[in-house]
Amino acid sequence: MIEIELTEPNRSICGCCGGTNTSLTRFVYQNGDAYAVYYVMFSETHMDDALAGVISLGGWGSEDLPENRVAFPFVLWHDENGYKISLTDSNESPWHDVEILGRMLDRNEALNHPWINDVFHITDHIAENDSEVIDYFKLDSSMIN
Ligand SMILES: [Zn+2]
């Protein structure tokens with residue numbers, strides 16, 4: 001069972017337009033143990049851009065930065081059929097230089113990684129359980145319709 005710890009969002013003012021940008025840092029627990037961390041970033045004034053995120057897996061139960069820790073960058077958006085996720089290359093990620101996330105994988109390596117199903121399991125939970133993300137997508141669809 002996966003649980004997401006919903007901490008306070010960080011809001012900042014967009015340098016280009018003065019709109020509100022939101023970034024989230026979330027801790028994910030599996031059966032009560034620290035399991036993963038994800039970051040998400042989106043803008044209320046740049047609705048054309050997909051929501052950007054990254055999931056880091058590997059050794060989050062320990063204090064150290066284990067060698068096998070890896071990060072999976074992605075973008076998330078939705079259309080009339082529901083949520084869509086696409087993995088991206090590390091150089092496209094706003095967090096490509098964040099060491100604590102572990103080695104960031106490019107798209108092809110991520111898709112062939114043994115933990116890729118854990119990644120998709122977590123993104124399902126992001127789309128279904130992260131209230132900030134859900135609110136953002138509601139705002140998005142109200143602006144389209
Ligand atoms: Zn802006």
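This report walks through a predicted model, from its zinc site through its strands to its core and aromatic rings.

**The zinc site**

Let's start with the metal. The zinc ion is held by four protein donors: the SG atoms of Cys14, Cys16 and Cys17, plus NE2 of His46, at 2.0 to 2.3 Å from the ion. The angles between these donor atoms run from 98 to 119°, and that is why the site counts as tetrahedral. Written as a sequence pattern, the donors follow C-x1-C-C-x28-H. Cys16 and His46 bring together distant parts of the chain: Cys16 sits in the loop between β2 (10-13) and β3 (20-30), while His46 belongs to the loop between β4 (33-43) and β5 (51-57), 30 residues apart. Cys16 is exposed, at 60% relative accessible area, whereas His46, at 26%, is partly exposed.

**Following the strands**

The strand pairings can be read off one by one. Here they are, with the number of bridges and one residue pair for each.

| Strands | Sense | Bridges | A facing pair |
|---|---|---|---|
| β1 and β3 | antiparallel | four bridges | Glu5 and Phe27 |
| β2 and β3 | antiparallel | four bridges | Asn10 and Ser23 |
| β3 and β4 | antiparallel | 10 bridges | Phe27 and Val37 |
| β4 and β5 | antiparallel | six bridges | Tyr38 and Ile55 |

Strand β1 covers residues 2-5. Phe27 turns up twice in these pairings: Glu5 of β1 stands opposite Phe27 in β3, and Phe27 also faces Val37 in β4.

Two of the pairings are hairpins. Between β2 and β3 there are six residues, and Gly18 there has a positive phi near 80°. The β3 and β4 hairpin has two residues between its strands, with Asn31 in the turn. Next to that turn, Gln30 has Asp33 of β4 as its bridge partner.

What is unusual about the phi of Asn31? It is near 50°, a positive value in a residue other than glycine. As a rule, most residues other than glycine have a negative phi. Asn31, in the loop between β3 and β4, is also exposed, with a relative accessible area of 59%.

How much of β4 is buried? Eight of its 11 residues are, so this strand is largely enclosed by the rest of the structure.

**Inside the protein**

Nonpolar side chains tend to be buried together in soluble globular proteins. In this model the largest nonpolar core has 26 residues, and the members that touch the most others are Phe72 and Ile122. Two or more residues come from each of β1, β3, β4, β5, β6 (70-79), α2 (116-129) and α3 (131-144). The biggest share comes from β4, which gives five residues.

Which residues does Phe72 contact, leaving aside neighbours within four places in sequence? They are Gly53, Val54, Ile55, Leu57, Leu87, Leu105, Ala110, His113, Trp115, Ile116 and Val119. Apart from the largest core lies another one, of nine residues, including Tyr39, Ala71, Trp95 and Leu101.

Ser90 is worth a look too. This serine is in the loop between β7 and β8 (103-104), and at 18% relative accessibility it counts as buried. Beyond residues up to four places away in sequence, Ser90 touches Pro73, His96, Met104, Leu105 and Asp106.

**Aromatic rings**

Now for the rings. A search of the whole structure turns up four aromatic pairs. One of them is Tyr83 with Phe137, a tilted pair at 5.3 Å centre to centre and 55° between the planes. Tyr83 is part of strand β7 (residues 82-87) and Phe137 part of helix α3, so this pair ties together parts that are 54 residues apart in sequence.

Are the two partners buried or exposed? Phe137 is buried, with a relative accessible area of 3%, while Tyr83 is partly exposed, at 38%. Ring pairs also connect Tyr83 and Phe137 with Phe42 and Tyr136, and these four residues form a cluster.

Methods. Residues numbered from 1 in each chain as written. Predicted model: local features only at pLDDT ≥ 70, side-chain atom pairs only at ≥ 80, totals over all residues. Heavy atoms only, no water. Donors = N, O, S within 2.8 Å, 3.2 Å for Na, K, Ca; no water. Tetrahedral: all angles 85-135°; square planar, octahedral: opposite > 155°, others 65-115°. Buried < 20%, exposed > 50% of the residue type's maximum accessible area, 1.4 Å probe, protein only. Pairing = 2+ DSSP bridges. Core = buried A, V, L, I, M, F, W, Y, C linked by side-chain atoms within 4.5 Å. Contact = heavy atoms within 4.5 Å. Phe/Tyr/Trp six-rings, centres within 6.5 Å; stacked < 30°, edge-to-face > 60°.
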